[in-house]
Amino acid sequence: MEPIVGPTGSVTLTESQPATTETDRLLTPTMVRLLIAAFGAAVSFYLLLSVVPLYVASTGSGNAGAGLATGALMLATVLTELTVPAMLARFGYRTVLGLGLVLLGAPAALLALSSNLVVVLAVCLARGAGLAIIVVAATALVAKLAPVRRRAEALAIYGVAFGAPGAIGLALGVSLTSWIGFEPIFLAATVASLAGLFAIPGLPSRRDHPEPPVPVLRGLTSSGLLRPALVFSAVTIAVGVVVTFLPLAVAEDRRGLASAALLIQALAVLAARWLAGRFGDRYGSELLLFPSVGLAAGGMLALVAVDNPVALIGGMLLFGLGFGAAQNVTLAMMYDRVAEAEYARASAVWNLAYDGGMGIGAVTFGAIVSDTGYPTAFGLTVIVLIIAFVPAWQDHRAQPIGLRPAQRR
């Protein structure tokens, strides 16, 4: 709100610029603890996200094995995400988040002991379950802790805390394999996740609502969650392709270029997610839905010329901007459309779209790339993103736009 001084010296506030009060504070002690725990989990997750497929491919399982590794991770994540709202209702945030950190971190140490594909896939399944618990519970708790009119920005801050390790881990993990080998990276991922346990004691310990949660997939078509989820899943299909196969699509003697491209993409994700959160609180997140998909599609199209350094770097920059904006836009839209009692459900749906899309992208790409080659397979991924404009347009027609979330309430 904007201050206006009246003739008697009194001050009133207009609607254009909300006043900031103590209740609008974002970085409370509880929120900071949550961000610390999420940061540790993210370091563990991103450090191995591209390294494990590279590890599998380099030990004899090829592109198909690399795709299966990411696919197993995402399959376990998707299946577990369906159960997390019920776990939160039964045990509360503190216990559930602690379990997630253990499952994500501890199994990674086993990778230092064996490169057998069965062992690797079992580790990926366990880590996927841990990832599911963390992302659903943490995102729902952010929405609960944040002031309503600053929720998109709070989600952006959480996105930066969870995504910042991606800016480092994706590129650093791939680069370090040439310097120190795989085993120290696996152990570092274990330590990073387990270190997050030190932040858990300050988080809420009790469940929020006495009534049982609504099943995650019930009533999606009538809740306003389905279309944003479909749009976001198309974007994350492309993400699964990029993080799994970009290091493999570039010649081994140019792996440093792939690392640089992953770093640029991750930094672009952070910047776009932050800006999308700031924009969304003021003008409505829905306005950014089309541009985010368009940027992602443009970036993926550039990867058709993956052997060209300019196309590679520029494409990953565009893709990162689109992906980062799509993250915050779709998540904020979902929270705008449900009551607080359904925050965990909305978080689960969004994360299902995220992780399911990544798994589908990795497995499908891995199955076809040997026959098509990387440029053609990247081109087919562009088509998936173009198709995403259909549910985006349907959502545009079905939902009112142009109002800030606080005004819609």
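**Close-up views of a helical chain**

Of the 409 residues in this chain, 54% count as buried. The model shown here is a predicted one.

**View 1. The whole chain, to get our bearings.** Welcome! The secondary structure comes to 16 helices and 2 strands. Among contacts in the chain with a separation of 6 or more, 84% join residues that sit 24 or more positions apart. About 16100 Å² of the chain is exposed, and carbon and sulfur atoms supply 68% of that area.

**View 2. Helix 11 meets helix 12.** Here we look at helix 11, residues 289–302, packed with helix 12 at an angle of about 155 degrees, their axes 7 Å apart. The two helices are therefore roughly antiparallel to each other, as angles over 145 degrees count as such. Their crossing is left-handed. From helix 11, the residues taking part include Leu-289, Leu-295, Gly-298 and Gly-299, while the partners in helix 12 include Gly-315, Leu-318, Phe-319 and Gly-322. By class, this contact has 13 nonpolar and 6 polar residues, with no charged ones.

**View 3. Helix 12 meets helix 13.** Now follow helix 12 (residues 309–336) to another partner, helix 13 (residues 343–372): the pair packs at about 150 degrees, with the axes 9 Å apart. That angle makes helix 12 roughly antiparallel to helix 13. This crossing is right-handed. Look for Phe-323, Gln-327, Thr-330, Leu-331, Met-334 and Tyr-335 on the helix 12 side, which meet helix 13 residues including Tyr-343, Trp-350 and Tyr-354. The residues of this contact divide into 9 nonpolar and 3 polar, and no charged residue is among them. Thr-330 is worth finding in both views: it meets helix 13 here, and it is also listed in the contact of helix 12 with helix 11.

**View 4. Helix 3 under cover.** Which residues of helix 3 are buried? In this helix, residues 84–91, they are Val-84, Pro-85, Met-87, Leu-88 and Ala-89. Their cover includes helix 2 (51–81), helix 4 (93–105), helix 5 (117–145) and helix 13, the helix 12 partner from View 3. Just after helix 3 comes Gly-92, with a positive phi of about 90 degrees.

**View 5. Arg-151, a charged residue at the start of helix 6.** Arg-151 lies in helix 6, which covers residues 151–180. Is Arg-151 buried or exposed? Its relative accessibility is 3%, so Arg-151 counts as buried, the cut-off being under 20%. Asp-24 is 127 residues away from Arg-151 in sequence, yet their C-alpha atoms are 9.7 Å apart in space.

Note on methods: Residues numbered from 1 in each chain as written. Predicted model: local features only at pLDDT ≥ 70, side-chain atom pairs only at ≥ 80, totals over all residues. Heavy atoms only, no water. Helix = DSSP H or I, 4+ residues; strand = E, 2+ residues; numbered from the N terminus. Buried < 20%, exposed > 50% of the residue type's maximum accessible area, 1.4 Å probe, protein only. Contact = heavy atoms within 4.5 Å. Areas by Shrake-Rupley, 256 points an atom, 1.4 Å probe, with all protein chains shown as cover. Axes fitted to C-alpha atoms, helices over the stretch in contact; angles between N-to-C directions. Parallel < 35°, antiparallel > 145°, perpendicular 65-115°, else oblique. Left-handed = near helix turned anticlockwise from the far one by under 90°. Nonpolar A, V, L, I, M, F, W, Y, C, P; charged D, E, K, R; others polar.
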